[in-house]
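User: I am new to this structure and would like to learn how to read its features one at a time. Could you take me through them slowly?

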Amino acid sequence: MGTEAIGYVLGQQCAPVIAGIKPSNLLIVEKGNQSRLTHMLKGTSLCGYLLYTSAEKDYWLLYEAKELERMLSDADKRAYLWESGYCAETLTLDRVLLHLAQSFRRYKEGEGEFPHEMGVFFGYPLGDVKGFIENKGQNFKLSGYWKVYDDVAYASRVFDLYEAARKKALELCSQGMRISDIWKSFRMADACITAAV
């Protein structure tokens with residue numbers, strides 16, 4: 001997979017993270033592209049954490065560290081992670097990512113359930129994460145980037161922002177723009193984007 005192809009995959013799967021309106025997302029790329037991905041993220045505040053490697057694919061958590069740190073400082077989300085098996089005394093970003101990777105590996109290898117707490121990392125409302133689990137993915141009010149069980153109006157606005165970011169990122173990728181330049185262009189418009197959320 002070449003650099004341009006990885007850039008397109010980044011734009012397709014992670015545009016809201018690149019735009020700064022989502023704290024993290026799962027990025028799935030062909031195995032063996034770690035150096036390309038690392039190179040593409042230079043000049044940005046984006047980080048990649050390898051969650052799992054299969055025979056053909058690498059599963060990365062693409063994230064903004066400051067946003068995940070902010071998530072970890074929220075008392076309700078900390079409590080939820082603690083209830084999900086994360087050690088409350090050591091909810092540092094490094095330890096949380098390691099725990100998430102271990103849970104994701106168990107899931108991918110058929111030794112455990114999907115780690116639904118990943119929704120918290122993705123910035124989904126806690127009520128929707130809990131609602132998904134309680135309803136086993138059924139009885140949702142709206143479905144888009146996630147299944148909504150609580151505030152439909154909020155989720156609709158966020159879905160529109162995510163989709164606008166995805167379209168813009170893919171348009172810029174198709175023009176040959178590098179991910180670091182796309183990241184900068186979104187940051188220049190950051191005040192407009194975050195005000196809309």
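Analyst: Let us begin with the sheet, keeping in mind that this is a predicted model. Three elements are involved here: 3 strands form an open sheet with antiparallel pairing, and their order across the sheet is β1-β3-β2. The strands β1 (24-30) and β2 (46-53) lie at the edges, since each of them pairs on one side only. From one strand to the next, the twist averages 30 degrees.

User: How many bridges join β1 and β3, and in which sense do they pair?

Analyst: Strand β3 covers residues 57-64, and β1 pairs with β3 in the antiparallel sense over 7 bridges. To follow one pairing by eye, start at N25 and look across to β3, where its bridge partner is L62.

User: Which helix packs on the sheet, and which strands does that helix touch?

Analyst: That is helix α5 (residues 93-108), which touches β1, β2 and β3, and whose direction makes about 35 degrees with that of β2.

User: Which residues of helix α3 are buried, and where on the helix do they lie?

Analyst: A residue is called buried here when its relative accessible area is under 20%. In α3 (residues 65-73), the buried residues are L68, M71 and L72. These residues lie on the same side of α3 because they cover an arc of only 100 degrees around the axis. On the other side of α3, K66 and S73 are exposed.

User: What do the buried residues of α3 pack against?

Analyst: Their partners include both strands and helices: the buried residues of α3 pack against β1 and β3, and also against α4 (75-83), α5 and α6 (118-121).

Note on methods. Residues are numbered from 1 along each chain as its sequence is written. This is a predicted model: local features need pLDDT of at least 70, side-chain atom pairs count only at pLDDT 80 or more; totals for chains, interfaces and linings use all residues. Side-chain values use heavy atoms; hydrogens and water are left out. Two strands pair if DSSP finds at least two bridges between them. Helices (H or I, at least four residues) and strands (E, at least two) are DSSP runs, numbered from the N terminus. Axes are lines fitted to C-alpha atoms, for helices over the stretch in contact, and angles run from 0 to 180 degrees between N-to-C directions. Contact means heavy atoms within 4.5 Å. Buried means under 20% relative accessible area, exposed over 50%, partly exposed in between (1.4 Å probe, protein chains only). The arc is that of the directions from the helix axis to the C-beta atoms.
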